[in-house]
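Trainee: Please take me on a close look at one part of this model, its interior. I would like to go slowly, one region at a time.

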Amino acid sequence: MPAIASGKVLVTGANGYVAVWLVKQLLEQGFSVRGTVRSPAKAEHLKKLFASHGDKLEFVVVEDITKDGAFDEAVKGVDAIQHTASPFHFNAVDPSEIIGPAVAGTGTILQSALKFGTNVKRVVVLSSTAAVQEAGLPEPKVFTEKDWNNKAIEEVETKGKDADQIEKYTASKTLAEKAAWAWYEKNKAQLKWDLVVVNPPFVFGPLIHEISDVSALNTSMNLWYLFVLKGAGDAATLATVGNCWADVRDVATALVRALEKPEAGGERFIISAGPWKWQDWVNSARKFSPSVPAGNTEWKRETNVDPIITDSSKASKVLGVTYIPLDQTTKDILADFEQRGWWKS
């Protein structure tokens with residue numbers, strides 16, 4: 001498929017943490033954007049935020065992304081689709097509460113694009129390394145785009161409601177992405193567009209979406225606030241709990257590049273700046289704000305072992321993605337929180 005350098009892009013879940021940064025970058029690069037939101041009120045903040053772009057930004061209401069035909073009207077007349085709408089929380093009692101919406105929401109956008117997306121040239125789906133990496137392995141492992149988190153699927157199938165909350169979420173991402181690729185392969189012969197999937201790990205960074213107060217932070221940034229600034233973790237937790245990460249602005253850039261690069265078609269891309277433990281973020285935050293609790297002062301990055309490493313070389317090569325350093329992300333988060341009155345250095 002040709003590179004998409006202009007035109008109108010549909011962004012689902014446009015008022016989300018990553019999505020608002022994506023809308024910003026698309027508009028700044030000259031694209032028009034049609035965003036989906038669940039109610040008219042959820043579009044008001046974005047209208048004000050991007051008022052200078054005038055009629056290049058429009059919204060449609062999609063109350064329930066899991067309903068058949070939910071996106072039928074939204075896909076008409078757009079040149080590409082960025083599907084970011086999917087649940088991210090650790091509150092599901094039954095696994096189906098999070099797996100159902102994740103799988104169905106992706107399925108409905110693909111089906112609508114097939115039926116009514118006559119101008120669509122590419123669909124980009126925001127997935128996660130939750131669909132790639134498996135936790136609890138006996139030895140450290142480097143994960144690539146060839147890997148799948150089948151362990152999470154097996155856990156929810158075996159344990160049901162008793163499955164770990166994180167495994168319920170990671171199973172939802174794995175099953176949703178697997179379903180997307182299966183649907184794409186089944187229907188590829190009749191499609192005029194191709195599919196790209198972007199897989200970031202934990203996403204951190206400053207906020208530009210609408211948020212009333214610190215209690216309304218999205219999941220990843222709420223964890224950052226609690227563990228880095230509020231001392232929520234004990235010494236062992238700060239030294240052992242971690243994953244990989246990417247700055248929210250780099251994820252948005254990767255999503256835009258996934259539209260623009262012809263060779264990205266039919267591929268999935270890990271977007272990762274590298275591994276972290278909570279103490280990494282604590283140490284970084286204390287460089288800019290000495291009032292941050294010191295945490296585990298015995299821990300050293302040089303002697304640390306990271307059980308999960310994600311290989312993001314494919315995204316660097318194909319999409320040209322580079323990464324904001326951890327210290328810069330920390331500095332920008334602290335500045336954002338201080339401006340909002342949530343933190344004082």
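Mentor: Here is a walk through the inside, starting with a helix and ending with an empty space.

This is a predicted model, where local features need pLDDT of at least 70, side-chain atom pairs count only at pLDDT 80 or more, and totals for chains, interfaces and linings use all residues. Residues are numbered from 1 along each chain as its sequence is written, and side-chain values use heavy atoms, with hydrogens and water left out.

Let's begin with helix 6, residues 219–229 (helices are DSSP runs of H or I with at least four residues, strands are runs of E with at least two, both numbered from the N terminus). Of its 11 residues, 8 are buried, so helix 6 is largely enclosed by the rest of the structure (buried means under 20% relative accessible area with a 1.4 Å probe, protein chains only). Those buried residues are T219, S220, M221, W224, Y225, F227, V228 and L229. Their cover includes helix 1, strand 8 (202–204), helix 7 (235–240), helix 9 (278–288) and helix 11 (326–339). After helix 6 comes G231, with a positive phi near 65°.

Now pick out W224 from that helix. Together with F337, W224 touches the most other members of the largest nonpolar core, which has 68 residues (a core is a set of buried Ala, Val, Leu, Ile, Met, Phe, Trp, Tyr and Cys residues joined through side-chain atoms within 4.5 Å). Helix 1 (residues 17–28) supplies the largest share of this core, 9 residues. Setting aside residues up to four places away in sequence, W224 touches F204, L229, W278, W281, T330, I333, L334 and F337 (contact means heavy atoms within 4.5 Å). Apart from this core lies another one, of 23 residues, with V62, V75, A180 and V197 among them.

Next, turn to two strands. T36 belongs to strand 2 (residues 32–37) and counts as buried because its relative accessibility is 2%. Beyond its neighbours within four places in sequence, T36 is in contact with ten residues you can find on the model: L10, V11, T12, G13, A14, N15, V60, V62, F71 and A74. A polar atom of the T36 side chain lies 3.0 Å from the backbone nitrogen of G13. K8 sits in strand 1 (residues 8–12), and its side chain makes a polar contact of 3.0 Å with the side chain of E58 (a pair of N or O atoms within 3.5 Å, one able to donate a hydrogen and the other to accept it; residues adjacent in sequence count only if both atoms are side-chain atoms).

L259, in helix 8 (residues 248–260), is buried, with a relative accessible area of 0%. Among the residues that L259 touches are I4, V9, L26 and V124.

Finally, what about empty space? There is 1 cavity of 30 Å³ or more (on a 1 Å grid over the protein atoms alone, a set of points where a 1.4 Å probe fits but cannot get out; lining residues have an atom within 4 Å of a point). The volume of the largest cavity is about 50 Å³ (the space filled by probe spheres set on the points). H83, S86, T106, V125, L126, S127, K173, A176 and E177 line it. Helix 5 gives the most to this lining, 3 residues.

Conventions: 1 Å grid on protein atoms, 1.4 Å probe; cavity = no way out; pocket = protein on both sides within 12 Å on 5 of 7 lines; lining within 4 Å. Buried < 20%, exposed > 50% of the residue type's maximum accessible area, 1.4 Å probe, protein only.
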